[in-house]
Amino acid sequence: MSDRITAADPLSATPAASGAVTPSTTPHVDAGDAGYRKDLKSRHINMIAIGGAIGTGLFLGAGGRMASAGPSLFIAYAVCGLFAFFVVRALGELVLYRPSSGAFVSYAREFMGEKGAYTAGWLYFLNWSTTAVADITAAATYAHFWSMFSDVPQWILALIALAVVLAANLISVKYFGEMEFWFAIIKVAALVAFMVVGIFLVVTSHDVGGHTPGLANITDNGGIFPNGMMPMLLLIQGVVFAYASVELCGVAAGETENPEKIMPKAINSIMWRVGLFYVGSVVLLALILPYTAYSGDQSPFVTVFDKLGIPGAAGVMNLVVLTAALSSLNSGLYSTGRILRSMSLAGSAPKFTGVMNKGGVPYGGILLTAGFGVAGVVLDARMPEEAFELVLNFASIGIIGTWAMIMVCSLLFVRRADEGKLVRPGYRLPWAPYTQIVTLIFLGSVLVLMWMDGGVGRTTVNCLPLIAAALVGGWFLVRGRVRATQADRRD
């Protein structure tokens, strides 16, 4: 049977003698879940959850955002972090209902049909294929910081970075998990070290580049909103992208034993980690130096250590930012491989993306995403800066679309549970369905803010009709194969 038809059968209401509706215990079956190995351990999932919530958006992007919005940046991180938590909590409930490596694509197939799965999957691929372009280019740029690599052409460094991460993904899921585990350890260690130093500086009022850490750095420089509230609101679009990997732990759940035990702990920890690392770090940055001391040309953490006169700080932080870029690339290759396989076996993605190797790795989808990364090296060298930035802005559209699809699936899931057609797990998204509705309104407002910001952001939003047209055109190309696949499974 097709996935869509399989989904319909277990959800069919069976009238009980009393006239009540009895939920079926037969689970939805997704053909894309077969063949995976359950090699991811609890420590892998926990660190994947951490790594997904901490990226270059904090290590590198916070400097320019602080210079623009001032201390109010912590509000933007807190608000976006809250909605990111709602998204991953909604996904977590779906995972506990039915773990799947196809994740939200599989859930979209169950609750929205093949068109929903097709849309969710290709929006997610749009996010990661464009992000891969940025990640390998960024990795090569950061490597040039060290003199030993200064004479090596950037495209060679980019290909080396891609080859290393690609090899780890192609061998087995265990290698991906180990790489992501250590990437996350480096990022967390760097933030913990900064926060320890930052708290010491504030408590002792130690001089930092001629400034005395404390509340005066906020109150004497325009307060929390030195440039008004609008700069902070306009920054929300970029801050959302900083959380773009939080959904990764939902994809990884399909390759771990006992997800019902591991996933709630990993997902619940995201909230306090966001509060501690993102909000806490930005508050410390604002207390240590006036917001005018930061800039988009330098990591804010490097700015602090440079003003303290600590030698080698820039090199250490460059290593951390390089790690964040490689971690993002690692996550993108892993997740798109699984998502594309789920789509391929339903007929809505190329056949080769559904092929697995002996290690249980869907290498076809991974190679497709890696191919976009290689193309990005060429584009980076040949395209004007604004055009390249426009390509990367499509990643924001992709992640907003993905999060929206997760919340729509969650809404439909809750509705079916209310109708008695299935049973929600004990681990639930709080305040449903209002949480999903408010989150969808928030995501829509992010698009409005992108348009209001003008420039490349407005151009990106104006391209939405083109993206929609491409999705519609693509569906007409694959729908015949989707229907044929469904017919084959019925037989």
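# Exercises on a predicted model

Leaving aside neighbours within four places in sequence, Thr485 is in contact with Leu345, Ala346 and Gly347. The model is predicted, and the exercises below start from this residue.

## Exercise 1: Thr485

Task: state which helix holds Thr485, and decide whether Thr485 is buried or exposed.

Solution.
Step 1. Locate the residue: Thr485 is part of helix H20, which covers residues 464-490.
Step 2. Read the relative accessible area of Thr485, which is 16%.
Step 3. Apply the cut-off: buried means under 20%. Thr485 is therefore buried.
Step 4. List the partners beyond four places in sequence: they are Leu345, Ala346 and Gly347.

## Exercise 2: The whole chain

Task: find how many helices and strands the protein chain has, and what percentage of its residues count as buried.

Solution.
Step 1. Count the elements: the protein chain has 20 helices and two strands.
Step 2. Turn to burial: 56% of the 491 residues count as buried.
Step 3. Look at the contacts with a separation of 6 or more: residues 24 or more positions apart account for 80% of these.

## Exercise 3: H9 against H13

Task: describe how helix H9 (residues 173-204) and helix H13 (residues 259-288) cross, and sort the residues of their contact by class.

Solution.
Step 1. Begin with the axes, which come within 10 Å and cross at roughly 35°.
Step 2. Give the hand: the crossing of H9 and H13 is left-handed.
Step 3. Name the residues that meet. From H9 they include Val188, Leu191, Phe194 and Met195; from H13 they include Leu276, Phe277, Gly280 and Leu284.
Step 4. Sort by class: the contact of H9 with H13 has 14 nonpolar, three polar and no charged residues.

## Exercise 4: Leu276 in the contact

Task: decide which class of accessibility Leu276 belongs to, and find which residues Leu276 touches beyond four places in sequence.

Solution.
Step 1. Place the residue: Leu276 is in helix H13.
Step 2. Read the relative accessibility of Leu276, 36%. The partly exposed class lies between 20% and 50%, so Leu276 counts as partly exposed.
Step 3. List the residues touched, not counting those up to four places away: Met195 and Ser281.
Step 4. Compare the two kinds of distance for Met195. Leu276 and Met195 are 81 residues apart along the chain, while their C-alpha atoms are separated by 9.4 Å.

## Exercise 5: H7 against H8

Task: work out which hand the crossing of H7 and H8 has, and which residues make the contact.

Solution.
Step 1. Take the axes of helix H7 (residues 114-143) and helix H8 (residues 154-171): they come within 8 Å and cross at roughly 120°.
Step 2. Give the hand: H7 passes H8 in a right-handed crossing.
Step 3. Name the residues. H7 contributes Ile136, Thr137, Ala139, Ala140, Thr141 and Ala143; H8 contributes Gln154, Leu157, Ala158, Ala161 and Leu162.
Step 4. Divide them by class: eight are nonpolar, three are polar and none is charged.

## Exercise 6: The span of a helix

Task: check the end-to-end spans of H9 and of helix H15 (residues 313-344).

Solution.
Step 1. Take H9, with 32 residues: it reaches 46 Å from its first C-alpha to its last, close to the 46 Å expected at 1.5 Å a residue.
Step 2. Take H15, with 32 residues: the expected span is 46 Å and its end C-alpha atoms are 46 Å apart, so the two values agree.
Step 3. Add the burial of H15: 29 of its 32 residues are buried, and H15 is mostly covered.

## Exercise 7: Backbone angles in loops

Task: find where Ser205, Asn258 and Pro433 lie, and describe the backbone at each.

Solution.
Step 1. Ser205 follows H9 and lies in the loop between H9 and helix H10 (216-219). Its phi is positive, about 55°, although Ser205 is not a glycine.
Step 2. Asn258 lies in the loop between helix H12 (248-252) and H13. Its phi is also a positive value near 55°, in a residue other than glycine.
Step 3. Check accessibility: Ser205 is partly exposed at 38%, and Asn258 is partly exposed at 44%.
Step 4. Pro433 lies in the loop between helix H17 (385-418) and helix H18 (434-452). The peptide bond from Ala432 to Pro433 is cis, with omega near 5°.

Technical notes. Residues numbered from 1 in each chain as written. Predicted model: local features only at pLDDT ≥ 70, side-chain atom pairs only at ≥ 80, totals over all residues. Heavy atoms only, no water. Axes fitted to C-alpha atoms, helices over the stretch in contact; angles between N-to-C directions. Helix = DSSP H or I, 4+ residues; strand = E, 2+ residues; numbered from the N terminus. Left-handed = near helix turned anticlockwise from the far one by under 90°. Contact = heavy atoms within 4.5 Å. Nonpolar A, V, L, I, M, F, W, Y, C, P; charged D, E, K, R; others polar. Expected span 1.5 Å × (residues − 1). Buried < 20%, exposed > 50% of the residue type's maximum accessible area, 1.4 Å probe, protein only.
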